[in-house]
Amino acid sequence: MKNNKVVIITGAGRGIGAATAKLFAEKGYAVCINYKSQAAPAQKLAKEISALGVKCITVQADVSDEQDIIRLFSMVDKELGTVSVLINNAGILKQQSRLIDMSAARINEILINNVTSYFLCSREAIKRMSTAHGGDGGVIVNVSSGAAKSGSPNEYIDYAASKGAIDTLTKGLSLEVAKEGIRVNCVRPGLIYTDMHADGGEPDRIKRLEGIIPLGRGGQAEEVAEAIYWLASEKSSFSTGNFLDLAGGL
Ligand code: NAP
């Protein structure tokens, strides 16, 4: 991989994505902050990152929409140069619910946002990174979840299953592109303090569950960002198709 340092982080306006954007900027990367609808936190973050002296753009794009993804990657080509690292991070969950109460619309919304988006963003990245297509190589890091292993019964099996699909995507894609200069790795966070738990209807969910976490506390977005950065960096140059769990021992 050549030393072009351009990172696209999906869903980077808030939470784990925002912490990751900051860390990559500190390491000298030009950063694309993608977000879906909340422009204010994305723009505030971009200001902070630009103050570090690196290039930074914000791109509103709904990664559940194929045309938006194509536009996102074209904007990065134009404004920052060829992407060298893709962090598939944007994800959603819905109100806690048992399967018996889930509609097809809800399940499909989870899958298109959490699974199809990772496939299509990876496709656009590979077109640019693959040495088989004239690229210089690159790295993809997928943000899965500890839910892929726990299954999240009584809360959101649909979300958990979408993350199981990301684990399988990571494994298969890592083997598919291993000889094309691209590494594909994955982090599986669990119980991280972000806004996401409010979307499930329980903002204080981590406080409720702290007792079952072996380390006795929830995690911070910055702790996940460090693992993402390591998996994207040359320090992990012999690692592909691998998973790093960040769930306090769960
Ligand atoms: P968050 O705080 O809710 O932030 C989600 C970000 O994703 C926001 O910036 C949001 O954009 C963006 N987003 C959502 N849907 C999008 C779409 N269709 N297109 C573009 N952007 C979209 O979430 P988080 O907790 O940081 O989660 C980040 C990732 O970590 C997710 O994949 C999640 O499943 C995973 N994860 C989180 C935890 C946890 O405990 N927090 C645990 C395991 C895994 P707007 O700001 O515009 O709304």
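Which residue in β2 is the bridge partner of Val 6? In this predicted model, that partner is Ala 30. The pair belongs to a wider match-up: β1 (residues 6–9) and β2 (residues 30–35) run parallel and are joined by four bridges.

Zooming out, β1 and β2 sit within an open sheet of seven strands, with parallel pairing and the order β3-β2-β1-β4-β5-β6-β7. At the edges are β3 (56–60) and β7 (243–246), each of which pairs on one side only. Going from strand to neighbouring strand, the turn averages 15°, direction ignored. As a reminder, strands of a sheet pair through backbone hydrogen bonds, in either a parallel or an antiparallel manner.

Next come the helices that lie across this sheet. Helix α4 (residues 104–129) lies across β4 (85–88), β5 (138–143) and β6 (182–189), and runs at about 180° to β4. Helix α6 (residues 157–176) takes in β5, β6 and β7, lying across these strands and running at about 160° to β6.

Then there is the second largest pocket, which holds about 220 Å³ of space. Its lining draws two or more residues from each of α1 (15–26), α2 (39–50) and α9 (221–232). In total, 15 residues line the pocket, and those nearest its centre are Gly 13, Gly 15, Ala 18, Lys 22 and Leu 45. As for chemistry, the lining of this pocket is a mix: six residues are nonpolar, five are charged and four are polar.

Definitions and conventions. Residues numbered from 1 in each chain as written. Predicted model: local features only at pLDDT ≥ 70, side-chain atom pairs only at ≥ 80, totals over all residues. Heavy atoms only, no water. 1 Å grid on protein atoms, 1.4 Å probe; cavity = no way out; pocket = protein on both sides within 12 Å on 5 of 7 lines; lining within 4 Å. Points joined across faces, edges and corners; volume = space filled by probe spheres on them. Nonpolar A, V, L, I, M, F, W, Y, C, P; charged D, E, K, R; others polar. Pairing = 2+ DSSP bridges. Axes fitted to C-alpha atoms, helices over the stretch in contact; angles between N-to-C directions. Contact = heavy atoms within 4.5 Å.
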